[in-house]
Amino acid sequence: MQAFPSFVQMSYSFRMTSEWWRTAAIYQIYPRSFADANGDGMGDLAGITSRLGDLHDLGIDAIWLSPFYTSPQRDAGYDVTDYCDVDPRFGTLADFDAMVAEAHARDIRVIVDLVPNHSSDQHVWFQAALAAAPGSAERARYLFRDGHGTAGGLPPNNWESVFGGPAWTRVTEADGMPGQWYLHLFDSSQPDFDWTNEVVREEFRRILRFWLDRGVDGFRVDVAHGMIKADGLPDYTPPTAGGSMGGAGGVTADALHDTVGTDATGVALEPEISDEAGDGAPYWAQDGVHEIYRDWRALLDEYPGERILAAEAWVDPLSRVAKWVRPDEMHQAFNFAYLETPWDAAALRTVIDASLDAFGAVGAPSTWVLSNHDVVRHATRLSVTEPNPQGHGLGPRSAGLPSYAPGLRRARAATALMLALPGSAYLYQGEELGLPEVIHLPDDARQDPTWFRTAGERYGRDGCRVPLPWEGSAPSYGFGPSDASWLPQPAQWAELARDQQRGVAGSTLSMYRDALARRREHGLASGSVEWLTGYPADVVALRNGDVIVVANTGSTAIELPAGDVLLTSEVLADRALAPDTTAWLRA
Ligand code: GLC
């Protein structure tokens with residue numbers, strides 16, 4: 001058992017005590033873009049601390065922070081040089097401790113991101129590996145291999161980077177000659193660790209303890225399906241073009257839509273989600289990853305307070321994702337099948353059933369998520385009419401772009417449905433303001449490595465990462481004290497700013513706040529789903545405890561059933577539930 005430094009004494013008392021993670025509403029903070037205390041245009045930890053009151057008011061249970069560790073920021077912090085320190089752009093360890101203390105004082109738990117698949121190429125280990133000879137202990141912490149072909153001039157295999165281009169980069173050896181190649185499933189600045197090496201495993205145990213001792217409540221584990229590669233690193237050609245955040249590439253909302261239907265009796269059919277992540281790729285979902293998480297779970301369980309592990313594992317199908325949350329492994333896994341489901345009643349019923357079955361079968365809660373820092377914001381995505389593979393992003397040249405108001409309407413209806421489901425829900429900063437994807441970023445402002453590695457063919461993820469608006473008429477819309485913002489903010493931010501929506505009936509912010517409050521009041525997150533019959537096929541209708549939820553994905557209004565209306569995603573003039581609207585009623 002660890003001795004706890006005094007600053008993390010477990011003196012705070014949470015609303016939820018037992019197995020809090022089964023029902024938690026977890027809010028993702030993308031530190032670069034949340035709030036900027038020092039006015040340099042980049043968000044920081046002090047900014048987060050200063051805005052925790054707003055998150056408490058929103059009614060969330062925990063925050064998850066994307067990486068704030070020391071990093072050259074080639075992939076916005078998912079390229080770490082020091083796993084146990086704060087990048088000066090974001091503050092100091094003292095700022096981190098202050099943020100955790102303030103969050104805990106407000107009953108908000110703190111989950112941090114852990115990036116174990118790869119480090120930055122500026123990490124001391126990788127620099128040592130470059131300086132050392134082939135076959136050395138230094139190189140053995142990463143995946144260095146000799147090339148094929150004449151003088152090793154071809155990469156060791158044909159794997160492609162998730163961000164585009166080859167997954168191998170050749171180094172120059174000490175003698176100035178071209179030498180070995182190293183593997184990077186992402187950018188060339190993100191070399192993959194060799195997780196068969198015990199030295200790597202021991203280092204990550206140290207990193208876990210470092211943050212647990214500082215009082216964090218858990219870890220979101222980046223690329224949790226990628227750390228082990230198949231023996232011999234065999235060639236692999238994906239059946240469809242790749243490009244997602246690690247493997248489920250090619251699974252588009254449209255693809256799912258196409259494969260889901262109803263049988264003659266109106267019963268939803270199983271979606272046939274492409275399983276390239278699960279079955280084929282020699283770098284995703286290898287069985288060997290699970291022993292790592294069993295080891296980590298045992299380590300976390302030494303600590304009081306139910307610290308958790310949440311897997312970012314882009315794996316199909318859900319029954320396979322459930323392996324990550326078996327009782328002795330992680331607590332939660334992101335439900336990306338749900339995120340990738342189109343706004344279609346049959347598809348939604350199918351994925352909800354599949355989620356509850358798959359996670360329930362191993363005793364884990366389902367999670368639900370519609371947006372994060374890697375995907376097109378759902379206020380835009382759910383209404384895009386052309387295929388848009390995940391990770392490709394949207395920009396001025398993209399086809400099928402929706403207009404704002406109808407997109408937002410659908411997104412609000414989708415959120416109201418999601419927050420009525422049993423399990424843990426993830427929210428991404430800014431969705432509570434109804435922020436759309438920012439399409440019209442100037443090319444020279446874009447920073448996602450995807451944009452550079454595909455020579456502008458894929459826009460990448462910058463459009464969902466634009467700094468938040470807090471005050472409609474302040475410089476940088478209140479993001480910080482100056483008008484600096486690392487990505488330019490659109491003029492639309494003025495009307496969407498938090499101060500424009502706070503306390504305003506019918507605003508997106510008010511809807512999120514009300515939904516989170518009713519979700520808690522009615523115990524929806526610990527309830528269950530009972531499908532209701534007698535509704536048109538394009539309506540999702542369910543009962544969870546004493547609440548009836550009706551979501552209209554069709555194109556005609558329907559009459560609401562009897563019962564007091566508890567929540568609606570749009571203001572209703574009468575008891576007609578218009579298209580793209582969700583209502584909660586007391587059963
Ligand atoms: C995860 C992160 C993504 C990052 C990638 C490489 O998918 O969510 O933002 O680029 O891993 O670390």
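Q: Which residues of H14 meet Thr-508, Met-511 and Tyr-512 in H18?
A: The structure is a predicted model. In it, helix H18 covers residues 508–521, and helix H14 covers residues 404–418. The residues of H14 that meet Thr-508, Met-511 and Tyr-512 are Leu-408, Arg-412, Thr-415 and Ala-416.

Q: How many residues of the contact of H14 with H18 are nonpolar, polar and charged?
A: The contact includes Leu-408 and Arg-412 from H14, and Met-511 and Tyr-512 from H18. Sorted by class, the residues of this contact divide into 4 nonpolar, 2 polar and 1 charged.

Q: Is H14 roughly parallel or roughly antiparallel to H18?
A: Two packed helices are described by the angle between their axes and the distance between the axes. H14 and H18 have axes 11 Å apart and pack at an angle of about 10 degrees. Angles under 35 degrees count as roughly parallel. H14 is therefore, with respect to H18, roughly parallel.

Q: Is Ser-383 buried or exposed?
A: Ser-383 is found in the loop between helix H13 (378–381) and helix H14. Apart from neighbours within four places in sequence, Ser-383 is in contact with Gly-400, Pro-402, Pro-406, Gly-407 and Arg-410. A residue counts as buried under 20% relative accessible area. Because its relative accessible area is 14%, Ser-383 is buried.

Q: Which strands stand at the edges of the open sheet of 8 strands?
A: Strands of a sheet pair through backbone hydrogen bonds, either parallel or antiparallel. In this sheet the pairing is parallel, and the order is S11-S10-S9-S5-S2-S1-S13-S12. An edge strand here has a single partner strand, so one side of it is left without a neighbour in the sheet. The strands in that position are S11 (332–333) and S12 (367–369).

Q: What is the bridge partner of Trp-368 in S13?
A: Strand S13 spans residues 424–428 and runs parallel to S12, to which it is joined by 3 bridges. Within S13, the bridge partner of Trp-368 is Ala-425.

Q: At about what angle does helix H9 run to S10?
A: Helix H9 (residues 289–300) lies across strand S5 (109–114), strand S9 (218–221) and strand S10 (308–311). These three strands belong to the open sheet of 8 strands. The angle of H9 to S10 is about 155 degrees.

Q: How many residues of strand S20 are buried?
A: Strand S20 (residues 581–586) pairs in the antiparallel sense with strand S16 (residues 547–552) over 6 bridges. Strand S18 (residues 565–568) also runs antiparallel to S20, joined to it by 3 bridges. S20 is mostly covered, and its buried residues number 5 of 6.

Q: Which residue in S20 stands opposite Val-547?
A: S16 and S20 pair over 6 bridges. In the pairing of S18 with S20, Thr-568 has Ala-583 as its bridge partner. For Val-547, the residue opposite in S20 is Arg-586.

Q: Which residue in S8 stands opposite Arg-170?
A: An open sheet of 3 strands has the order S6-S8-S7, with antiparallel pairing. S6 (144–145) and S7 (168–172) stand at its edges, so each has one side without a neighbour in the sheet. S7 is joined to S8 (residues 178–183) by 4 bridges. Opposite Arg-170, in S8, stands Trp-181.

Q: How many disulfides does the count come to?
A: A disulfide requires a pair of cysteine sulfur atoms within 2.5 Å. By this rule, the number of disulfides is 0.

Conventions: Residues numbered from 1 in each chain as written. Predicted model: local features only at pLDDT ≥ 70, side-chain atom pairs only at ≥ 80, totals over all residues. Heavy atoms only, no water. Helix = DSSP H or I, 4+ residues; strand = E, 2+ residues; numbered from the N terminus. Buried < 20%, exposed > 50% of the residue type's maximum accessible area, 1.4 Å probe, protein only. Contact = heavy atoms within 4.5 Å. Pairing = 2+ DSSP bridges. Axes fitted to C-alpha atoms, helices over the stretch in contact; angles between N-to-C directions. Parallel < 35°, antiparallel > 145°, perpendicular 65-115°, else oblique. Nonpolar A, V, L, I, M, F, W, Y, C, P; charged D, E, K, R; others polar.
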